Protein chains: 2
Amino acid sequence: MPGKIKAAKRPASSKVSGERGCPRLRIGLRDGLILGPGKVELLEAIEQEGSISGAARSMGMSYRRAWLLVDALNRMFDKPAVLTSPGGLRGGGAEITDLGKDVAAAYRRIEDRTLVAIREELGPLSKDIDLK
Amino acid sequence: MPGKIKAAKRPASSKVSGERGCPRLRIGLRDGLILGPGKVELLEAIEQEGSISGAARSMGMSYRRAWLLVDALNRMFDKPAVLTSPGGLRGGGAEITDLGKDVAAAYRRIEDRTLVAIREELGPLSKDIDLK
């Protein structure tokens, strides 16, 4: 969809944020579900914040949007990536499963390997891989 | 932009079209310009068709859109990626430069290396990397 190419905005928490030639990587999984930087960033934020609402807040995302992304993440693999606990006084909590942690870590390794490939393959052709 | 994650549509000519876990890769170059699959596919189509209009037609894209993408491509690097020749009886022609060929080939190599990384890193976690 060439007409829909747009400037790639990197999540603040991206491990390659600010790196030259930062890749934006979307990986097609079952049922057309896509594993991309937003879902991975959300997994990392849930691990850090301990709740979907806290993660959404930290990402400046609506709770509804975060919930929908978690729902998609939990349909992507054979087991859930995020587990939630019911409300209670402190409100409901959420944690990512070992699978969720493995998926996020695998995505970041793929991202890092892609960045190496970009530098090696494209670096010789461009002194201007963008820092932004 | 997690909310804007959408199913990645692969260009028909993508070398990894139909591959499991097909990546969609956008690479930030100078001035926020992005090298993505659409521009690379257009470079390949121009090489094949010998004109921007023919390339646009083969991609089901408007001439205007193709022209704008070529303009962006030619501002991405120190030298142009596409050269055009004025009208004449057969209409204007276009060809990609050696730099354009190198850029397209480098992008495809990056894509292939990313696909290997996806299979190695994510494959063990998912039997359901999508074929679509």
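This is a chat about helix packing and salt bridges in a predicted model.

Me: Hi! Let's start with chain B. At what angle do helix α1 and helix α3 of chain B pack?
Reply: Happy to help! Helix α1 (residues 37-49) and helix α3 (residues 63-76) of chain B pack at an angle of about 100°, and their axes are 10 Å apart.

Me: And what does that make α1(B) relative to α3(B), roughly parallel or roughly perpendicular?
Reply: Roughly perpendicular, because angles of 65 to 115 degrees count that way.

Me: Which residues make the contact?
Reply: From α1(B) you have B:K39, B:L42, B:L43 and B:I46. On the α3(B) side they are B:A66, B:L69, B:V70, B:A72, B:L73 and B:M76.

Me: How does the contact of α1(B) with α3(B) break down by class?
Reply: There are nine nonpolar residues and one charged residue, with no polar ones.

Me: Nice. Switching to salt bridges: how many does the structure hold over all chains?
Reply: The count over all chains is 12.

Me: Which residue forms a salt bridge with A:R113?
Reply: That would be B:E121, with the closest N and O atoms 2.9 Å apart. A:R113 sits in helix α4 (residues 98-122) of chain A and B:E121 in helix α4 (residues 98-122) of chain B, so this pair joins two chains.

Me: What about A:R113 itself, buried or partly exposed?
Reply: A:R113 is partly exposed, at a relative accessible area of 30%. B:E121 has a relative accessible area of 14% and is buried, because the cut-off for buried is under 20%.

Me: Back inside chain B, then. Which salt bridge does B:R108 form with a residue of helix α1?
Reply: B:R108 forms one with B:E44, where the closest N and O atoms are 2.8 Å apart. This pair links distant parts of the chain: B:R108 is in helix α4 of chain B and B:E44 in helix α1 of chain B, 64 residues apart. Both B:R108 and B:E44 are buried.

Me: And where do B:R108 and B:E111 lie?
Reply: Both are in helix α4 of chain B, three residues apart, which is about one turn of the helix. B:R108 and B:E111 form a salt bridge too, with 2.7 Å between the closest N and O atoms. B:E111 is buried, as is B:R108.

Me: Last one: which residues do salt bridges that share partners join into one network?
Reply: A:R109, A:R113, B:E120 and B:E121 are joined into one network that way.

How values were computed: Residues numbered from 1 in each chain as written. Chains lettered and ligands numbered in written order. Predicted model: local features only at pLDDT ≥ 70, side-chain atom pairs only at ≥ 80, totals over all residues. Heavy atoms only, no water. Axes fitted to C-alpha atoms, helices over the stretch in contact; angles between N-to-C directions. Helix = DSSP H or I, 4+ residues; strand = E, 2+ residues; numbered from the N terminus. Parallel < 35°, antiparallel > 145°, perpendicular 65-115°, else oblique. Contact = heavy atoms within 4.5 Å. Nonpolar A, V, L, I, M, F, W, Y, C, P; charged D, E, K, R; others polar. Salt bridge = Lys/Arg side-chain N within 4 Å of Asp/Glu carboxyl O. Buried < 20%, exposed > 50% of the residue type's maximum accessible area, 1.4 Å probe, protein only.
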